[in-house]
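Me: I've got a model open on my screen and a few labels I'd like explained. Can you walk me through them?

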Amino acid sequence: MGKLVVSLDGVVIKEVQITKDKTSLGRRPYNDIVIDNLAVSGEHAVLQLVGNDVFIEDLNSTNGTYINGKAVKKQLLQHNDTVEIGKYKIKYLVEEGSDYEKTMIMRPGTPLPTAMSSAQGGMSVGGSSSVPQAAFGSTMGAATLGSGFGGLNTQSPASIKVLNGAAAGREVALTKVVTTVGKPGVQVASITKRPGGYVFAHVEGGARPTVNGNPVAGDPVHLKNGDVIELAGTQMQFVQA
């Protein structure tokens, strides 16, 4: 089964398993894959699943669709092909027999499991209507990355603890190499596990998230134990033993 790994400036944003006959991609919120960027057309491209093959077709977008640096109208995707749309890169991967990580929704008042299986790769911490919810989506395990990420397993365990709203007190372990946090389409950031520690970066949204009250600009911010992150109206504390 094929999947897409979406990244921006080298930071993985999300993974999408291709299971539908047609998967739409564009800036409009009704697309299956939403990329909120002005360089992306409202209805930019569509992926078509034909048997075990996946074709991508550009829908007469303004800035075009590129595969491995070459503009295309319609093309069969091959394993490891990189689709370029604006500043976003979408890598197509074929993983036979692999299970897609499911997202687990945590409602207010629901106890957080002490251990999460590999199938529960993502989490949304529900909030009340007055407090935006924080969405946690683990996107890539260390085993899928190259040797350039050596030494990741030596990092001390870390987690994010929600400080306000209906989900206050909930704690989410950062078990993956990249974890996305925020509200898709509003404000999204990522926490990446690197050999030198954990870094926090802005991914999507007009407003910048903050760390200890300081807006996160272009460069990722190295996180320290006790740092307070705020995005989409939710405050979270980075905790590392």
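**Strands, turns and cavities**

Reply: Sure. Let's start with strand β20 (residues 210-211) and β23, which run antiparallel and are joined by 2 bridges. Keep in mind that this is a predicted model.

Me: What makes β20 and β23 a pair?

Reply: The cut-off is at least two bridges between two strands. β20 and β23 have 2 bridges, so they count as paired. For one contact to look up, V211 has I229 in β23 as its bridge partner.

Me: How do you know that β23 also pairs with β24?

Reply: By the bridge count again: 4 bridges link β23 to strand β24 (residues 234-240), and the two run antiparallel. Pairing takes at least two bridges, so β23 and β24 qualify. Here E230 has Q235 in β24 as its bridge partner. The two strands form a hairpin with 2 residues between them, and A232 in the turn has a positive phi of about 50°.

Me: Which residues sit on the covered face of β23, and which on the uncovered one?

Reply: I229 and L231 are on the covered face of β23 (residues 228-231), while V228 and E230 are on the uncovered face.

Me: Why is D9 called exposed?

Reply: Exposed means over 50% relative accessible area. D9 is at 69% relative accessibility, so it counts as exposed. D9 lies in the loop between β1 (2-8) and β2 (11-17).

Me: What makes the phi of D9 worth a remark?

Reply: Most residues other than glycine have a negative phi. D9 is not a glycine, yet its phi is positive, about 55°. N68, not a glycine either, has a positive phi of about 50°; N68 is in the loop between β7 (65-67) and β8 (70-72).

Me: In the open sheet of 5 strands, what is the strand order?

Reply: The order is β4-β3-β5-β6-β9, with mixed pairing. β4 (33-34) and β9 (74-76) are at the edges because each has a single partner strand, so one side of each has no neighbour in the sheet. Within this sheet, strand β3 (residues 22-26) and strand β5 (residues 45-50) pair antiparallel over 4 bridges, with V46 in β5 as the bridge partner of S24.

Me: How many cavities of 30 Å³ or more does the search find?

Reply: The search of the whole structure finds 2. The largest holds about 60 Å³ of space.

Me: What lines the largest cavity?

Reply: The lining is V6, I13, K14, V34, I35, D36, Y88 and E204. By class, that gives 5 nonpolar, no polar and 3 charged residues.

Technical notes: Residues numbered from 1 in each chain as written. Predicted model: local features only at pLDDT ≥ 70, side-chain atom pairs only at ≥ 80, totals over all residues. Heavy atoms only, no water. Buried < 20%, exposed > 50% of the residue type's maximum accessible area, 1.4 Å probe, protein only. 1 Å grid on protein atoms, 1.4 Å probe; cavity = no way out; pocket = protein on both sides within 12 Å on 5 of 7 lines; lining within 4 Å. Points joined across faces, edges and corners; volume = space filled by probe spheres on them. Nonpolar A, V, L, I, M, F, W, Y, C, P; charged D, E, K, R; others polar.
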